Amino acid sequence: MAEALLSFRSVQHRHALPAPSLFRPWGKRAGPGIVGLSLDLYEGSVLGLIGPNGAGKTTLLRMMAGVLPVQKGTVEAQFDGEGWRPVEDLRRWVGHMPEQVRWQGRTTVFEALSQLGEMRGTSEKKIQRLLALVGLRSRRDDALDNLSQGMRQRLSIAAALLGSPKVLLLDEPFNGLDPVAAEAFTALVRTLAAKGVSVVISSHMVAHLEGLIDRIGLLHRGQLLDEGPLEDVERRLGLEGRYTMTGKGTADITSFAPAGDILAHHEDEDNWSLTVKANPESVLSAAMKAKANITSWAPMRPNLVEWLCAATGMSVDDISLEVASSAMLPMRTLEVGEDE
Amino acid sequence: MSDFNRIMKVAARIRKERLSGIRLKIMLPILLLFLPGMAWGFSDPNIVLPGGHQPDTAMEVLFYASLGVVFGATMCAVLMAFDGVSKDRASGMLEVRLAQPMPRKHQATALILGHAQSILVPVYALLLASVLVVRFRMGEWPSITEMLTYALSTGLVVFWYTLFALLASTSAREQGTAIAFGIGVWFFFTFLWALVTSMVAYASGVAVGEANDPAWVALEGMLDLLSPNGVYHHLLETQLPSVDRGVPAWQSWLAALLWTALPWWALHHRMERLVP
């Protein structure tokens with residue numbers, strides 16, 4: 001297993017919300033945010049941080065990037081191989097790509113990166129190399145206004161890589177990318193991880209992270225419900241070993257597996273589908289014996305709602321309602337009302 | 001690269017961006033009209049001001065022409081800096097900048113210097129033009145001390161308004177609020193301050209607007225220390241022996257220091273707590 005680089009222990013950042021009163025018209029109170037979160041980031045690993053809107057993904061990434069202060073807890077790192085040490089300024093080690101950066105204006109791609117490079121003391125040569133890495137070398141003299149959304153995302157990742165970071169944080173990087181650009185982006189993330197960079201990707205679209213992440217973190221209401229290698233978390237939450245079979249024609253699909261192992265099944269005139277959590281070989285052999293016309297047979301990854309249902313123990317209906325209106329829900333008991 | 005060099009580089013980038021922007025091109029005619037234009041008007045040998053007064057020294061002309069600074073240059077400073085932070089915040093660039101390992105205090109300093117320089121470059125060029133106009137029309141140069149005081153105090157008043165606009169920009173979530181705040185402060189000190197002065201005078205039992213009443217003159221002089229424009233005029237008056245409003249020069253310079261230090265500190269404080 002790769003070595004841990006950066007460790008957050010019981011960290012907290014809660015947003016300050018206005019709480020005016022007669023004697024304190026500008027009073028603030030601690031609102032939602034990240035509470036008591038512990039997380040380790042590993043060299044060369046890609047951690048997928050998933051959670052519904054309002055779960056705290058962006059707050060957590062901003063905190064990890066040093067943009068928001070860590071109000072409680074400790075942050076330690078062993079970037080230089082000399083053991084764990086408290087981190088004074090995360091920004092030296094962490095590259096951060098925010099969710100939406102509107103690169104705009106007549107400034108050229110190279111100038112835009114150089115301006116940020118000035119703040120880090122990055123050399124021009126390094127900027128040229130970064131442009132080549134993200135595939136923008138031929139666009140270096142183009143105005144920002146002339147870039148497509150995919151190119152802007154690549155420019156954002158180049159900006160995040162300016163300081164040769166040990167940890168790269170990507171906040172919803174697939175937003176607005178077409179499938180071709182998304183594929184190119186995925187390849188780039190894999191390249192960086194192969195070089196030893198620890199990558200954290202936040203997303204509420206689990207499908208985008210398929211095949212890219214090797215660890216997963218489930219974030220909900222500012223708390224990390226579970227985190228670890230994908231298979232381990234799946235096993236812990238009972239989401240492993242699920243398969244979906246689809247086919248054409250008619251078949252007695254409920255006979256392919258014991259009733260208790262069938263998670264879902266659907267039939268119409270020409271097609272059918274069956275989702276089971278059972279020994280895949282026995283289901284397949286039962287289907288073959290029944291001479292079913294199978295068109296696909298594949299393991300099934302859980303979607304965001306399934307992950308959250310499994311982690312919280314809530315029903316699909318409850319969790320769907322909560323995800324849809326999470327912004328309006330209060331934080332769970334933790335220190336609500338405490339003045340800052 | 002040292003911290004100082006980094007700050008200066010970032011400031012230079014902001015200055016370059018602003019100086020080459022279309023906004024300055026729009027404001028340049030206003031500055032031309034208000035700075036050398038006023039110097040041209042007030043240096044007319046036949047000019048008679050209200051009250052029958054005729055400016056007869058170069059410094060006096062520059063003092064009257066400073067109205068152009070109060071009306072034109074300060075407004076341009078606000079217009080130049082009102083979106084210094086709010087624009088980046090709206091586009092997401094603020095988060096990218098705050099994620100760079102440059103201390104926020106240094107980023108704030110670069111922001112202030114960059115924006116102040118971008119308005120001071122044209123203002124100083126036009127002040128020089130004003131002095132040349134006065135020399136051409138009156139055949140007289142202001143003294144070195146007078147010129148230095150004029151340049152320094154003009155630089156300071158423009159700097160203060162830049163700070164106010166940037167402060168507004170850090171507080172505002174949208175650009176409309178930022179510009180409303182900046183222009184509001186400018187309007188208050190430029191147009192409404194006389195109203196404040198009158199109200200305080202009335203409440204204190206001083207005859208309002210009586211230019212020959214020493215109590216009115218003293219009160220107005222004191223209250224002017226609470227306004228950036230008033231302090232600007234106090235600083236200029238240190239070079240006009242004929243004007244005495246009961247405020248010694250050290251008080252004017254102390255007020256100038258406070259008008260510089262307090263918003264500077266407030267902006268740095270805001271930047272430290274800024275959330276993208």
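Select A:Glu172 to begin: this residue sits in the loop of chain A between β7 (167-171) and α5 (179-194), where helices (H or I, at least four residues) and strands (E, at least two) are DSSP runs numbered from the N terminus. The model is a predicted one, in which local features need pLDDT of at least 70 and side-chain atom pairs count only at pLDDT 80 or more, while totals for chains, interfaces and linings use all residues. Residues are numbered from 1 along each chain as its sequence is written, and chains are lettered from A, with ligands numbered from 1, in the order in which they are written.

**Two positive phi values in chain A**

With A:Glu172 still selected, check its backbone: phi is positive, at about 45°, although the residue is not a glycine. Most residues other than glycine have a negative phi. A:Glu172 has 19 other C-beta atoms within 10 Å and is therefore partly exposed; on this scale a residue is buried if 20 or more other C-beta atoms lie within 10 Å of its own, exposed if 12 or fewer, and partly exposed in between, with C-beta atoms placed from the backbone.

Go next to A:Ser10, which is found in strand β1 (residues 4-18) of chain A. Its phi is near 50°, again a positive value in a residue other than glycine. Because A:Ser10 has 12 C-beta neighbours inside 10 Å, it counts as exposed.

**Chain A as a whole**

Now show all of chain A, which has ten helices and 14 strands, and whose C-alpha trace spans about 70 × 60 × 40 Å along its principal axes. Of its 340 residues, 37% count as buried. Among contacts in chain A between residues at least 6 apart in sequence, 70% join residues at least 24 apart; here two residues are in contact if their C-beta atoms, placed from the backbone, lie within 7 Å.

**Where the two chains meet**

Bring chain B into view and select the interface, in which 21 residues of chain A are in contact with 18 residues of chain B. On the side of chain A, helix α2 (residues 109-120) gives the most, with five residues. By class, this side has eight nonpolar, seven polar and six charged residues, where Ala, Val, Leu, Ile, Met, Phe, Trp, Tyr, Cys and Pro count as nonpolar, Asp, Glu, Lys and Arg as charged, and the others, Gly among them, as polar.

Keep α2(A) and add helix α1 (residues 3-19) of chain B: the two pack at an angle of about 160°, with their axes 9 Å apart. The axes are lines fitted to C-alpha atoms, for helices over the stretch in contact, and angles run from 0 to 180 degrees between N-to-C directions. α2(A) and α1(B) are therefore roughly antiparallel to each other, since angles under 35 degrees count as roughly parallel, over 145 as roughly antiparallel, 65 to 115 as roughly perpendicular and the rest as oblique. In this pair, A:Gln115, A:Glu118 and A:Met119 of α2(A) meet B:Arg6, B:Lys9, B:Val10 and B:Arg13 of α1(B). The classes in this contact are two nonpolar, one polar and four charged residues.

**Helices of chain B**

Move to α8(B) and α12(B), which pack at an angle of about 25° with their axes 10 Å apart, and which are therefore roughly parallel to each other. By class, their contact has 14 nonpolar, three polar and one charged residues.

Then select helix α11 (residues 228-237) of chain B, which is mostly covered, with ten of its ten residues buried. These buried residues, including B:Tyr232, B:His233, B:His234 and B:Glu237, pack against α4, α8 (144-171), α9 (175-203), α10 (214-224) and α12 (249-272) of chain B.

In α9 of chain B, pick out B:Gln175, which has 15 C-beta neighbours inside 10 Å and so counts as partly exposed. Not counting residues up to four places away in sequence, B:Gln175 touches B:Asp83, B:Ser86, B:Lys87 and B:Ala90.

**The nonpolar cores**

Finish with the largest nonpolar core, whose 145 residues include A:Ala158, A:Leu169, A:Val199, A:Val200, B:Ala77 and B:Val158 as those that touch the most other members; such a core is a set of buried Ala, Val, Leu, Ile, Met, Phe, Trp, Tyr and Cys residues joined through C-beta atoms within 7 Å. Its largest share, 16 residues, comes from helix α4 (residues 58-81) of chain B. A second, separate core of ten residues includes A:Ala257, A:Trp272, A:Ala287 and A:Ala292.
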